[in-house]
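Trainee: I have a model open and some questions about it. Can we go through them one at a time?

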Amino acid sequence: MTFAQDLNRLIDDTKPRLAAIPEARAAAKPHPDKWSLKEILGHLLDSASNNRQRIVRMQEAPDIGTFTYEQEHWVSAQHYQSEPWTALVEFWYLYNAHIAHMMAHVDPAALAHTCDIGYDAPATLRFVMEDYVRHVRHHVGQILSDADPREREQWVMRTPEP
């Protein structure tokens, strides 16, 4: 299965489950130092935005240098708490459908192009796409979990393969 197919399947399976979450639950923030479900989905939108640019730019040049972002600032600055949950879900779905479309059409000659995304080593375009799908799956799992926000599974960065 390609990254594009994997992402399409993930968003198609997830969208109705996200849409079924009530607004009050999505906005609940029982622990001020933990993101609400809205903020987690907002973080996924930020990740989509940054990874979309990485995927496009990495097809332009063999090494695009450093391309990171400060996730706490992005979530805070965009005030996801005040967005309607249904709008966030729809935007997340459509943005990821477009990213899957892009992934399906990536120039294979660019798959070894690199970028510093803040990991222990530069990442190839292939790794960026694979890791993006893994990242979406991880945070969707957090959103759909009934676990206490303090017990949410933490993201584990992997070292990109050369």
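Mentor: Start with a cut-off: a residue counts as exposed when its relative accessible area is over 50%, and as buried when that area is under 20%. Keep in mind that this is a predicted model.

Trainee: Is Ala-24 buried or exposed?
Mentor: Ala-24 is found in helix α2. Its relative accessibility is 62%. The cut-off for exposed is over 50%. Therefore Ala-24 counts as exposed.

Trainee: How far is Ala-24 from Trp-85 in space, C-alpha to C-alpha?
Mentor: Along the sequence, 61 residues separate Ala-24 and Trp-85. In space, their C-alpha atoms are apart by 9.1 Å.

Trainee: In what pattern do the helices and strands follow along the sequence?
Mentor: The protein has 6 helices and 3 strands. Read along the sequence, they give α-α-α-β-α-α-β-β-α.

Trainee: What radius of gyration does the protein have, against that of a compact globule?
Mentor: The C-alpha atoms fill a box of roughly 45 × 30 × 25 Å along the principal axes. For 162 residues, a compact globule would come out near 15 Å. The protein agrees with that, because its own radius of gyration is 16 Å.

Trainee: What share of the contacts with a separation of 6 or more joins residues 24 or more positions apart?
Mentor: Take burial beforehand: buried residues make up 43% of the 162 residues. Now take the contacts with a separation of 6 or more. Residues 24 or more positions apart account for 76%.

Trainee: Which element gives the most to the largest nonpolar core?
Mentor: Nonpolar side chains tend to be buried together in soluble globular proteins. Here the largest nonpolar core has 45 residues, and Leu-41, Ile-55, Trp-85, Trp-92 and Met-103 touch the most other members. Two or more residues come from each of α1 (3-19), α3 (37-57), α5 and α6 (125-144). With 10 residues, the element that gives the most is α5.

Trainee: Which residues is Trp-92 in contact with, leaving aside neighbours within four places in sequence?
Mentor: Trp-92 is among the core residues that touch the most other members. Its contacts are Ile-11, Thr-14, Leu-18, Leu-41, Leu-44, Leu-45, Val-136 and Val-140.

Trainee: Is Leu-37 buried or exposed?
Mentor: Leu-37 is found in helix α3. It touches Ile-21, Arg-25, Ala-26, Trp-85, Ile-143 and Arg-152, not counting residues up to four places away in sequence. Its relative accessible area is 7%, so Leu-37 is buried.

Trainee: How does Lys-34 count by accessibility?
Mentor: Lys-34 lies in the loop between α2 (23-27) and α3. Residues up to four places away aside, it touches Lys-29, Glu-39, Pro-149, Arg-150 and Arg-152. At 25% relative accessibility, Lys-34 counts as partly exposed.

Trainee: Which residue other than glycine has a positive phi near 50 degrees?
Mentor: Look in the loop between α4 (71-78) and α5 (85-104). The residue there is exposed, with a relative accessible area of 51%. The residue with this phi is His-79.

Trainee: How far apart do the centres of the positive and negative side chains lie?
Mentor: The accessible surface comes to about 8,600 Å², and 52% of that belongs to carbon and sulfur atoms. The protein has 16 positive and 23 negative side chains. The centres of the two sets lie apart by 4 Å.

Methods. Residues are numbered from 1 along each chain as its sequence is written. This is a predicted model: local features need pLDDT of at least 70, side-chain atom pairs count only at pLDDT 80 or more; totals for chains, interfaces and linings use all residues. Side-chain values use heavy atoms; hydrogens and water are left out. Helices (H or I, at least four residues) and strands (E, at least two) are DSSP runs, numbered from the N terminus. The radius of gyration is taken over C-alpha atoms; the globule rule is 2.2 Å times the number of residues to the power 0.38. Buried means under 20% relative accessible area, exposed over 50%, partly exposed in between (1.4 Å probe, protein chains only). Contact means heavy atoms within 4.5 Å. Accessible areas come from the Shrake-Rupley method with a 1.4 Å probe; for residues, only the protein chains shown count as cover. Lys and Arg count as positive and Asp and Glu as negative; His and the chain ends are not counted. The place of a charge is taken as NZ of Lys, CZ of Arg, CG of Asp or CD of Glu. A nonpolar core is a set of buried Ala, Val, Leu, Ile, Met, Phe, Trp, Tyr and Cys residues joined through side-chain atoms within 4.5 Å.
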